[in-house]
Amino acid sequence: MDDSYVFRFMREEDIDEVLEVEHASFTLPWSREAFYNELHNNHFAVYIVLEHNHRVIGYCGTWIVIDESHVTNVAILPEYRGKKLGDAMMRQLMALARERGAKTMTLEVRVTNHIAQSLYRKMGFQNGGIRKGYYSDNQEDALVMWVNL
Ligand SMILES: CC(C)(COP(=O)(O)OP(=O)(O)OC[C@H]1O[C@@H](n2cnc3c(N)ncnc32)[C@H](O)[C@@H]1OP(=O)(O)O)[C@@H](O)C(=O)NCCC(=O)NCCS
């Protein structure tokens, strides 16, 4: 990753570009209001973006509650995938959560999303339980994964 790539905290002005990443990545994309609320009204939330030449090409976020970090979303723009950027972004998020006092990190991932599961496994995440019918678009189950930080 050369220095045309920059990680920084998400700001309100990023929401348009974050929504592009969001819509290109998820079948149940979050709305503008959801991101606005995360940035302004949720004191547990921490969001980072990955910029390439000043364009947001990825983002991720977590809620840190006492010593547990719960990942909300992780996404890279499709044309930037497969370049180890998701890997670098997860490492940033894990380091940040650790700095803020989190001892464990958890997340939900679609049972069919083998790419994301493989990324998380590479980061040391283990399988937890299954949340039945967690995703409202197709009632798909979520696999819970967790890691000690
Ligand atoms: C999941 C996602 C963030 C990965 O980002 P990425 O930048 O493409 O991933 P990387 O290039 O850093 O790859 C990291 C690891 O992910 C896995 N991975 C990435 N692309 C893969 C592919 N096409 N097939 C299988 N595994 C893959 C591998 O474990 C890879 O490690 P490796 O290269 O050492 O084998 C990206 O695919 C994405 O945005 N997907 C859509 C949104 C999503 O599903 N988010 C997760 C929701 S829980």
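Here are some questions and answers on the pocket, surface, salt bridges and backbone of this predicted model.

Q: What volume does the largest pocket have?
A: Let's start with the empty space. Rolling a probe the size of a water molecule over the atoms shows where such space is left. For the largest pocket, the volume comes out at about 1200 Å³.

Q: Which residues lie nearest the centre of the largest pocket?
A: The lining is made up of 36 residues. Those that lie nearest the centre of the pocket are F26, V74, N113, A116 and Y120.

Q: Which element gives the largest share of the lining of the largest pocket?
A: Elements that give two or more residues to this lining are α1 (15-25), β4 (68-76), α3 (85-99), β5 (104-110), α4 (114-122) and β6 (126-135). The largest share is seven residues, and these come from β4.

Q: How many residues in the lining of the largest pocket are nonpolar?
A: Split the lining by residue type and you get eight charged residues and 10 polar ones. The nonpolar residues number 18.

Q: Which residues make the nonpolar surface patch of about 420 Å²?
A: A residue needs over 30% relative accessible area to join a patch. I66, at 75%, is well placed for that, and it counts as exposed because the cut-off for that word is over 50%. I66 sits in the loop between β3 (55-65) and β4. The full set that makes the patch is F44, W63, V65 and I66.

Q: What is the phi of I66, a residue that is not a glycine?
A: The same loop between β3 and β4 is the place to look, as I66 is found there. Its phi is positive although I66 is not a glycine, with a value of about 50°.

Q: Which residue in the loop between β2 (45-52) and β3 has a place worth checking for its phi?
A: Here too a residue other than glycine has a positive phi, with a value near 45°. The residue in the loop between β2 and β3 is N53.

Q: How many salt bridges does a search of the whole structure find?
A: Some of them join up: R8, D14 and E51 are linked in a network of salt bridges. Others are pairs, one of them being E108 with R131. Over the whole structure the search finds 11.

Q: How far apart in sequence are the parts that E108 and R131 tie together?
A: The closest N and O atoms of this salt bridge are 3.1 Å apart. E108 lies in strand β5 and R131 in strand β6, so the pair ties together parts of the chain whose separation in sequence is 23 residues.

Q: Is E108 buried or exposed?
A: Its partner R131 has 38% relative accessibility, so R131 counts as partly exposed. For E108 the value is 16%, and the cut-off is under 20%, so E108 counts as buried.

Q: Which residue forms a salt bridge with D137?
A: D137 is found in the loop between β6 and β7 (140-148). At 34% relative accessibility, D137 counts as partly exposed. The closest N and O atoms of the bridge are 3.1 Å apart, and the partner of D137 is R110.

Q: Where does E140, the residue linked to R110, lie?
A: The side chains of R110 and E140 meet in a salt bridge of 3.2 Å, N to O. Both residues are buried, with R110 at a relative accessible area of 16%. The pair links distant parts of the chain, 30 residues apart, with R110 in strand β5 and E140 in strand β7.

Q: How far apart in space are D137 and T27, C-alpha to C-alpha?
A: Along the sequence, these two are 110 residues apart. In space, C-alpha to C-alpha, the value is 7.6 Å.

Q: What separates the C-alpha atoms of P78 and A24?
A: P78 lies in the loop between β4 and α3, and it is partly exposed, with a relative accessible area of 37%. P78 and A24 are 54 residues apart along the chain. Their C-alpha atoms are separated by 7.0 Å.

Notes:
Residues are numbered from 1 along each chain as its sequence is written. This is a predicted model: local features need pLDDT of at least 70, side-chain atom pairs count only at pLDDT 80 or more; totals for chains, interfaces and linings use all residues. Side-chain values use heavy atoms; hydrogens and water are left out. On a 1 Å grid over the protein atoms alone, a cavity is a set of points where a 1.4 Å probe fits but cannot get out, and a pocket is an open set with protein on both sides within 12 Å along at least five of seven lines; lining residues have an atom within 4 Å of a point. Grid points are joined across faces, edges and corners, and a volume is the space filled by probe spheres set on the points. Helices (H or I, at least four residues) and strands (E, at least two) are DSSP runs, numbered from the N terminus. Ala, Val, Leu, Ile, Met, Phe, Trp, Tyr, Cys and Pro count as nonpolar, Asp, Glu, Lys and Arg as charged, and the others, Gly among them, as polar. Patches are made of residues with over 30% relative accessible area and no salt bridge: like charges are joined within 9 Å, nonpolar side chains (Val, Leu, Ile, Met, Phe, Trp, Tyr) within 5 Å. Accessible areas come from the Shrake-Rupley method with a 1.4 Å probe; for residues, only the protein chains shown count as cover. A salt bridge is a side-chain nitrogen of Lys or Arg within 4 Å of a carboxyl oxygen of Asp or Glu. Buried means under 20% relative accessible area, exposed over 50%, partly exposed in between (1.4 Å probe, protein chains only).
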